[in-house]
Amino acid sequence: MRWSVVLLIMPLLMTACSRSVTEERISPSKSNPGYWSYGGETVLLIGGWDHGHNPFLDHSTIDGGGYEDTSTEAEIIAALDLLEASGGNLIRCVLDPGVGAGRQGFPFCAKVGDKFDLDTMEGPYWERLEFFLDATQRRGIVVGLEIWDRFDWYDGGHQGWQGSPFNPRNNINYTVESSGLAESYEGELDNSQNPFGQTTPGQRYYRNADPELQAKLDMLRSYQEQFMLRLLEVTLPYGNVLYSANNEVRHQEPVWGEYWLEFIRKEAKRQGVAVVCTDMFWDILDIPDSPGFDHLLANTDTYDYFDVSQTSAHRGHQDLSVAEAGEVHWNKIRYAVGEGRKVNRILHMDKIYGSKDKVNGWMGSAENAVEEFWRSLIAGVAGVRFHRPDGGIGLSERARNSLRAVRLVEEKVKFWEVEARQDLLTDREPNEAYLAADPGQKYILFVPDGGKVGLQLDEHSATCFDITWVNVATGEVDSQEHLHGGEVFDIEAPGNGPWVAILVSASTS
């Protein structure tokens, strides 16, 4: 009798367990298109941190460390706790295995004497990655994983290539002659210099190579695939990972990343899990004249979501006023969201630039970072994260207060419940205010630097609205008031600096 009962309920248990696993994985929300679902609920992803590229190894970049120094596990946990306590649930992770093995003492493969053995993908690098993914998943933090990085393939900057196990002088598996790789690549890499990023069959370099060179590229790709298989063995059991093939596709053909996205999907399917994949194109900073963004729009079968981080970078930014730069960014991000929504794709930003040391220039100032963070949310971006110092404001007090302010807004209005409605604003100066609304019900108004703007409520004469002001600079509720619809209402921020007003109809609240 007992066994018959077990046999009857086992299919139900298996179905329930399967459903639970599916709900736990990060995925596009079915109930709220354009946003993420995690843990079975629609979520807004926000974050920031002071690490370098690789948060499970790199130390804080604020004190000049990051690539020379390595965080302890206790320091990583403390930083994750601070992110969680501030309302953050998004972190970026660029793998940079060359830096990790060569400069930071966390090799991803075995060693034979003083050289690496790429045939054995085992080492402390993977143990630290697993520790990191476990710690983030337990805190409900989503990891934006960027796998390949051009900065890991040349001598300058991070010094990744000099110590990389993939450098022929550092391993027992191949030589300069047998691989076609050089021991040194100087300058900022344009990806055409190092054949390591030219190994996939669809690339022009590979297609135009003679059979001897193609054989070398095939051999290199076999080691890249071994690395990728080990990576997926570690990461696929975790449901809090978003996969991007690259950090900044800048001088490469899209087919390089597309090869690896297909590789990821095939292995995930073999293991019976669903993954969400994309690639990050540098030239998105030129939206709407961006071949990379056009490629995303034309290939939605390949790209599950669109990372548009580079919309927060501007060519010629130094020639614009603050107000002009704000309008440029708004127009870019609204175009990106609008086009993305047409093809049912989530818009996501792993990097919001801006630094206290860069009043102008292509990254913008710290104030600009806060503005772009909020403009992106108002526009409909589903995930936004402050970039690391000194290219961003990281998880500074200013950033943490913005994260807290977002969660205060969400207590009254979810961002997926409203949409950008600049047409409802009157007497607006450039960059003075940005609005998302469900007219007559809910409104989120972001004011970058104080001021007064008109809000059209004339069609809602029978509605009373509760207004809550949140001080973005402090991350605290400042004041509350009430008003009746029926006219164009002048809404004035309580002071200078960035503010958010949340308006909710009394019946809704």
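Helix α13 is largely enclosed by the rest of the structure, because 10 of its 14 residues are buried. The model is a predicted one, and this helix is a convenient place to start reading it. The buried residues of α13 are Ala399, Arg400, Asn401, Ser402, Leu403, Ala405, Val406, Leu408, Val409 and Glu410. The list includes nonpolar residues such as Leu403 and Val406, and also charged ones, Arg400 and Glu410.

The length of the helix can be checked with simple arithmetic. Helix α13 covers residues 397-410, and at 1.5 Å a residue its 14 residues should span 20 Å. Its end C-alpha atoms are 20 Å apart, so the expectation and the model agree.

Next, consider the nonpolar cores. In soluble globular proteins, nonpolar side chains tend to be buried together. Here the largest nonpolar core has 126 residues. Within this core, the residues that touch the most other members are Trp36, Phe108, Phe132, Tyr243, Trp374 and Phe415. Another core lies apart from it and has 20 residues, including Leu424, Leu425, Ala437 and Ala493.

Tyr243 also appears in the lining of a cavity. A search of the whole structure finds 1 cavity of 30 Å³ or more, and the space in the largest cavity is about 40 Å³. Besides Tyr243, the residues lining it are Arg25, Ile26, Tyr238, Gly239, Val241, Ala274, Val275 and Val276. Sorted by class, this lining has 7 nonpolar residues, 1 polar and 1 charged. The charged residue is Arg25, and the polar one is Gly239.

The last stop is a sheet. Strands of a sheet pair through backbone hydrogen bonds, either parallel or antiparallel. In this open sheet 6 strands are arranged in the order β14-β16-β17-β22-β19-β20, with antiparallel pairing. The edges are taken by β14 (419-420) and β20 (476-484); each has a single partner strand, so one side of each is left without a neighbour in the sheet.

Inside that order, β19 (residues 464-471) pairs with β22 (residues 499-505) in the antiparallel sense, over 7 bridges. Ile467 stands opposite Leu503 in β22. Strand β19 also holds Cys464. Is Cys464 buried or exposed? Its relative accessible area is 24%, so Cys464 counts as partly exposed, since buried means under 20% and exposed over 50%.

Cys464 also gives a link back to the starting helix. Asn401, one of the buried residues of α13, is 63 residues from Cys464 in sequence. In space, the two are 30 Å apart, C-alpha to C-alpha.

Definitions and conventions: Residues are numbered from 1 along each chain as its sequence is written. This is a predicted model: local features need pLDDT of at least 70, side-chain atom pairs count only at pLDDT 80 or more; totals for chains, interfaces and linings use all residues. Side-chain values use heavy atoms; hydrogens and water are left out. A nonpolar core is a set of buried Ala, Val, Leu, Ile, Met, Phe, Trp, Tyr and Cys residues joined through side-chain atoms within 4.5 Å. Buried means under 20% relative accessible area, exposed over 50%, partly exposed in between (1.4 Å probe, protein chains only). On a 1 Å grid over the protein atoms alone, a cavity is a set of points where a 1.4 Å probe fits but cannot get out, and a pocket is an open set with protein on both sides within 12 Å along at least five of seven lines; lining residues have an atom within 4 Å of a point. Grid points are joined across faces, edges and corners, and a volume is the space filled by probe spheres set on the points. Helices (H or I, at least four residues) and strands (E, at least two) are DSSP runs, numbered from the N terminus. The expected span of a helix is 1.5 Å times one less than its number of residues. Two strands pair if DSSP finds at least two bridges between them.
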